[in-house]
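Take a look at the fold below. Follow the strands first, then the helices packed around them.

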Amino acid sequence: MSPPIAPKQVATNIMIHWNGSTEQARANALAMPLLRLAEHVTVLTVVGGQGVEGPSADQVRKQLRYNGIAAEPMSIELEGRSTGEAVLAAAKAQGCDLLVKGAFTRNRLRQMIFGGATSHIMQHADLPLLMAH
C-alpha cells in the first residue's frame, strides 16, 4: 500500500512488525527481495501488543541472517497506545520508509468489534506498507 504522498525513497530502511503469526511470516517471505537490498532492517516487537504463539523475534533475526540480512532488534512498550499506534510511532522514530506487516491476524469478528493493528495502520500510515494475510 502506498501513502497519500509518495516518499522520496522506498525500502532502504525497513521495519518488520514481528508478532509471531503465520501472516507475518508470509509478509516476510514476500518482502525478502527488498530486505536483501535494504540498507537497514529492524525487527520490531511490541511488548503487550497483539502477538500470537509463534517463532520469537530472535528466531526471525536468525533466519534473516541465514539469508544474508543483518537485522537489528527493537522492542517497545504500548505505553497506553494501541498496537497500531505503537508500531507507527516506532517506524516514524526510526525514519523507516517501508513497514512489513502481517495483516488481519485476528479473526473477522474480533477485528470488527475490537479493531486491530492492521486497520489502524492502514488508516493512519504515512509510509509504504507491504502486507500479507
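## A walk through the fold

His17 sits in strand S1, which covers residues 13-17. This is a predicted model. Is His17 buried or exposed? At a relative accessibility of 2%, His17 counts as buried, because the cut-off for buried is under 20%. Which residues does His17 touch, leaving aside its neighbours within four places in sequence? The contacts are Gln24, Leu44, Val46, Thr83, Val87, Leu99, Val100 and Lys101.

**The sheet**

Now step back to the strands. The model has an open sheet of 5 strands. Their order is S3-S2-S1-S4-S5, and the pairing is parallel. Which strands form the edges? They are S3 and S5 (129-132), and each of these pairs on one side only. On average, neighbouring strands of this sheet are turned by 20° against each other, direction ignored. Helix H1 packs on the sheet and touches S1, S2, S4 (98-102) and S5. The direction of H1 makes about 150° with that of S4.

Two of the pairings can be followed in detail. S1 and S2 (residues 40-47) run parallel and are joined by 5 bridges. Within this pairing, Met15 has Thr42 in S2 as its bridge partner. S2 and S3 also run parallel, with 7 bridges between them. Here Val41 stands opposite Ala71 in S3.

One general point helps when you look at any strand. In a regular strand, side chains alternate between the two faces of the sheet.

**The crossovers**

How does the chain get from S1 to S2? Helix H1 (residues 22-37) completes a right-handed β-α-β unit with S1 and S2. Another right-handed β-α-β unit is made by S2, helix H2 (residues 57-66) and S3.

**A helix with a buried face**

Turn to helix H5, residues 117-124. Which of its residues are buried? Ala117, Thr118, His120 and Ile121 are buried in H5. Seen down the axis of H5, the buried residues fall within an arc of 165°, so they line one face of the helix. A general rule fits in here. An α-helix has 3.6 residues a turn, so residues three or four places apart point the same way. And what do the buried residues of H5 pack against? They pack against H3, S4 and S5.

**Two positive phi angles**

Two residues deserve a look at the backbone. Ala11 is not a glycine, yet its phi is positive. Glu79 also has a positive phi in a residue other than glycine. The table sets them side by side.

| Residue | Phi | Place | Relative accessible area |
|---|---|---|---|
| Ala11 | about 70° | segment before S1 | 8% |
| Glu79 | near 50° | loop between S3 (71-77) and H3 (83-93) | 67% |

Why does Ala11 count as buried? Its relative accessible area is 8%, and the cut-off for buried is under 20%. Glu79 is exposed because its relative accessible area is 67%, and exposed means over 50%.

Definitions and conventions: Residues numbered from 1 in each chain as written. Predicted model: local features only at pLDDT ≥ 70, side-chain atom pairs only at ≥ 80, totals over all residues. Heavy atoms only, no water. Helix = DSSP H or I, 4+ residues; strand = E, 2+ residues; numbered from the N terminus. Buried < 20%, exposed > 50% of the residue type's maximum accessible area, 1.4 Å probe, protein only. Contact = heavy atoms within 4.5 Å. Pairing = 2+ DSSP bridges. Right-handed = clockwise from strand over helix to strand, strands pointing away. Axes fitted to C-alpha atoms, helices over the stretch in contact; angles between N-to-C directions. Arc of directions from axis to C-beta.
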